Amino acid sequence: MIHRSTVGLALLALAVAGCGEKAQTAGTAKKFDAKAWESSQATYLAAGWKGGDKAAWEAQMHSRVQGQNEYSRTAGTAPSIAPTKTP
Amino acid sequence: MARMKFICDAERCIECNGCVTACKAEHDVPWGVNRRRVVTLNDGVPGEKSISVACMHCSDAPCMAVCPVDCFYRTDEGVVLHDKDVCIGCGYCSYACPFGAPQFPTNGTFGLRGKMDKCTFCAGGPEANGSAAENEKYGRNRLAEGKLPACAEMCATKALLGGDGDVVADIFRTRVLQRGKGSEVWGWGTAYGKPTQATKS
């Protein structure tokens, strides 16, 4: 009797295990994304920058990408960008 | 603004996997999913080279072309994103992508293949910028915060560059010139090999 109820409980547990599954139903239509420069609900905006202005966002991106260029961060050491002639 | 692009400088990458860690931490990427990984060629051989690889946000993205439910879209900045509410997790994009960018988490109790996940160039998804829903599905939207992808910004050796394609190409070109390799590292000769002289038979 105990064995039977144990098996029954195990089967029940297995049957309800699927209840924890997240729904994966396909959406009906693709949503349209907001522009990156439009205002964000995010709390951690880059210092000194506010969303909503496309030109300001592009300027921000430009200054940010230059942070990856050590030649622009260490003034006076930037080499000439003009291509050198191969010997 | 030109298209957003990544460039990885193989001369500088030291295979530290900092970019991988930064990405996983920034977006709470689940176990078993790597939006970015470091690939090493000739591992263990002197002169081995490593590069950091993720979604390359292709101009003519094959994942977009093969998706049966058309869940992909491209932003104004050229970032290839997808809508997880439309994705059916079929995996076609995974077969089409030459970089192995699309990843599939195991979802739920029975370990089914979940919806596709990939590098978003830290640009989130179609939900409202910086919203909790966007964060849960796609991770953080750093572009909307006025920042660049975490992997590139946290790269210790600045091997991985990310941002406006024209600007990162200029930064990389400056480096190459500084190394003294000159203009031979650019152009058709480098990409496709030097032209061979036709031999007379």
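1. Let's start with α6(B), in what is a predicted model. How far apart should the ends of this helix be? At 1.5 Å a residue, its 15 residues should span 21 Å, and the end C-alpha atoms are indeed 21 Å apart, so the two values agree. If you multiply 15 by 1.5 and get something else, remember that the expected span uses one less than the number of residues. Just after α6(B) comes B:G180, which has a positive phi, near 85°.

2. Now look at what α6(B) tucks away. Its buried residues are B:G165, B:V167, B:V168 and B:I171. What do they pack against? Their partners come from both chains: α2 of chain A, plus β1 and β8 of chain B. Keep those three elements in mind, as the next points take them up.

3. β8(B) is residues 160-164, and this strand is mostly covered, with five of its five residues buried. Its partner is β1(B), residues 4-8; the two strands run antiparallel and five bridges join them. If you want one pair to find on screen, try B:I7, which stands opposite B:L161 in β8(B). β1(B) is mostly covered as well, with four of its five residues buried.

4. Over to chain A, which has three helices and zero strands. From the N terminus on, the order is simply α-α-α. Buried residues make up 16% of the 87 residues in this chain.

5. The helix to look at here is α2(A), residues 54-66. You can repeat the length check: 13 residues at 1.5 Å each should span 18 Å, and the end C-alpha atoms are 19 Å apart, which agrees. Which residues of α2(A) are buried? They are A:W57, A:Q60, A:M61, A:R64 and A:V65. Seen down the helix axis, these buried residues fall within an arc of 130°, so they line one face of α2(A). The numbering fits a general rule: an α-helix has 3.6 residues a turn, so residues three or four places apart point the same way.

6. What does that face meet? The buried residues of α2(A) pack against β8 and α6 of chain B. Seen from the other chain, the buried residues of α6(B) have α2 of chain A among their packing partners, so the two descriptions can be read side by side.

7. Zooming out to the whole interface, 41 residues of chain A are in contact with 46 residues of chain B. On the chain A side, the elements giving two or more residues are α2 and α3 (70-73). α2(A) gives the most, with seven residues. By type, the chain A side divides into 18 nonpolar, 13 polar and ten charged residues.

8. Finally, how far should you trust all this? For the complex, the predictor gives an ipTM of 0.81 and a pTM of 0.79. Chain B has a mean pLDDT of 88, with 89% of its residues at 70 or more. Chain A averages 75, and 74% of its residues score at least 70. Within chain A, confidence is highest in α2(A), at 90, and lowest in α3(A), at a mean of 79. Go carefully with residues 80-87 of chain A: pLDDT stays under 50 there, though the model has twelve contacts for them beyond four places in sequence. Where pLDDT is low, the predicted coordinates should not be read in detail.

Terms used. Residues numbered from 1 in each chain as written. Chains lettered and ligands numbered in written order. Predicted model: local features only at pLDDT ≥ 70, side-chain atom pairs only at ≥ 80, totals over all residues. Contact = placed C-beta atoms within 7 Å. Nonpolar A, V, L, I, M, F, W, Y, C, P; charged D, E, K, R; others polar. Buried ≥ 20, exposed ≤ 12 C-beta atoms within 10 Å, placed from the backbone. Arc of directions from axis to C-beta. Pairing = 2+ DSSP bridges. pLDDT = per-residue confidence, 0-100.
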